[in-house]
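Trainee: Could you take me through the sheet in this one, strand by strand, and show me how it fits into the rest of the chain? I'd like the close-up, not just the overview.

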Amino acid sequence: MTVILTPRRVTLWPCQREDPELWFSETTKERERAKAICRRCPVQEACLAHSMTHRIKFGIWGGVDEKERGKLLRQRPKQVTKPRPKSGTRPKPEPSGVRGVSWNSYKGQWTVTIRHARESHWVGVFDEQADAERAAVAKCNELNIPTFRKGAA
Ligand code: SF4
């Protein structure tokens with residue numbers, strides 16, 4: 001049997017076809033040339049997003065140089081983090097005896113995740129323990145597995 005191998009077509013982005021030094025050049029003229037080439041690149045946006053996400057310090061990515069990326073990063077709206085509830089706002093309750101029900105002290109809520117046969121089944125987050133236990137029991141019934149943890153009454 002004869003196998004004919006045809007070469008795979010590989011897409012090269014503009015910076016892979018030109019001299020890569022252009023993208024790391026110190027001269028303004030060459031840097032502007034690299035930026036102009038980037039502006040015609042089909043993956044410009046993705047390339048810039050990648051460099052921003054990974055905080056790449058050097059070179060021109062997606063037509064944007066280090067200084068411009070730094071400026072863009074500073075202009076980004078700051079991530080808002082949910083304030084942590086003050087300790088003592090809601091006392092830690094007794095642990096639930098129902099499988100998969102656990103107290104999340106950070107959120108101050110009950111979470112239900114049923115682990116079975118090496119799989120994790122996320123059920124939800126509940127304010128009330130009774131609701132969490134009901135949801136856990138329903139999921140256990142659906143999975144046809146025992147409801148209570150070993151050792152629980
Ligand atoms: S946008 Fe990114 S992938 Fe495209 S030419 Fe510029 S540096 Fe290369």
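Mentor: Reading from the N terminus, the order of elements is α-α-α-α-β-β-β-α, so to speak the table of contents for our tour. That makes five helices and three strands in the chain. Keep in mind that this is a predicted model. Its mean pLDDT is 83, with 81% of the residues at 70 or more. Your sheet has a bearing on that: strand 3 has the lowest mean pLDDT of the elements, at 84, while helix 2 has the highest, at 95. As a rule, coordinates shouldn't be read in detail where pLDDT is low.

Now for the sheet itself. It is open, has three strands in the order 1-2-3, and its pairing is antiparallel. Strand 1 (101-104) and strand 3 (119-126) sit at the edges, each pairing on one side only. On average, neighbouring strands are turned by 30 degrees against each other, ignoring direction.

Take the two pairings in turn. Strand 1 runs antiparallel to strand 2 (residues 109-116), and four bridges join them. If you want a landmark there, pick asparagine 104, whose bridge partner in strand 2 is glutamine 109. On the sheet you'll also find helix 5 (residues 129-143), which packs there and touches strand 1, strand 2 and strand 3. The direction of helix 5 makes about 15 degrees with that of strand 2.

The other pairing, strand 2 with strand 3, is also in the antiparallel sense and has seven bridges. A handy marker is threonine 111, which has valine 125 as its bridge partner in strand 3. These two strands form a hairpin, with two residues between them.

The turn deserves a stop. Alanine 117 lies in the loop between strand 2 and strand 3, and its phi is near 50 degrees, a positive value in a residue that isn't glycine. How crowded is the spot, buried or exposed? Alanine 117 has 7 C-beta neighbours inside 10 Å, so it counts as exposed; the cut-off for that class is 12 or fewer.

There's another residue to set beside it, away from the sheet. Arginine 55 also has a positive phi near 50 degrees without being a glycine. You'll find arginine 55 in the loop between helix 3 and helix 4 (66-75). Arginine 55 is exposed because 9 other C-beta atoms lie within 10 Å.

While we're among the helices, have a look at the ligand. The shell around it draws at least two residues from each of helix 1 (14-17), helix 2 (28-39) and helix 3 (44-53). There are 13 residues around the ligand, and those that come nearest are Trp13, Cys15, Cys38, Cys41 and Cys47. By type, the shell has 10 nonpolar residues, three polar ones and no charged ones.

To finish, zoom out to the whole chain. Of its 153 residues, 16% count as buried. Among contacts with a separation of 6 or more, 35% come from residues 24 or more positions apart. So much for the wider view; if you go back to the sheet, start from the hairpin of strand 2 and strand 3 and then find helix 5 packing on the sheet.

Key:
Residues numbered from 1 in each chain as written. Predicted model: local features only at pLDDT ≥ 70, side-chain atom pairs only at ≥ 80, totals over all residues. Near = placed C-beta within 6 Å. Nonpolar A, V, L, I, M, F, W, Y, C, P; charged D, E, K, R; others polar. Pairing = 2+ DSSP bridges. Axes fitted to C-alpha atoms, helices over the stretch in contact; angles between N-to-C directions. Contact = placed C-beta atoms within 7 Å. Buried ≥ 20, exposed ≤ 12 C-beta atoms within 10 Å, placed from the backbone. pLDDT = per-residue confidence, 0-100.
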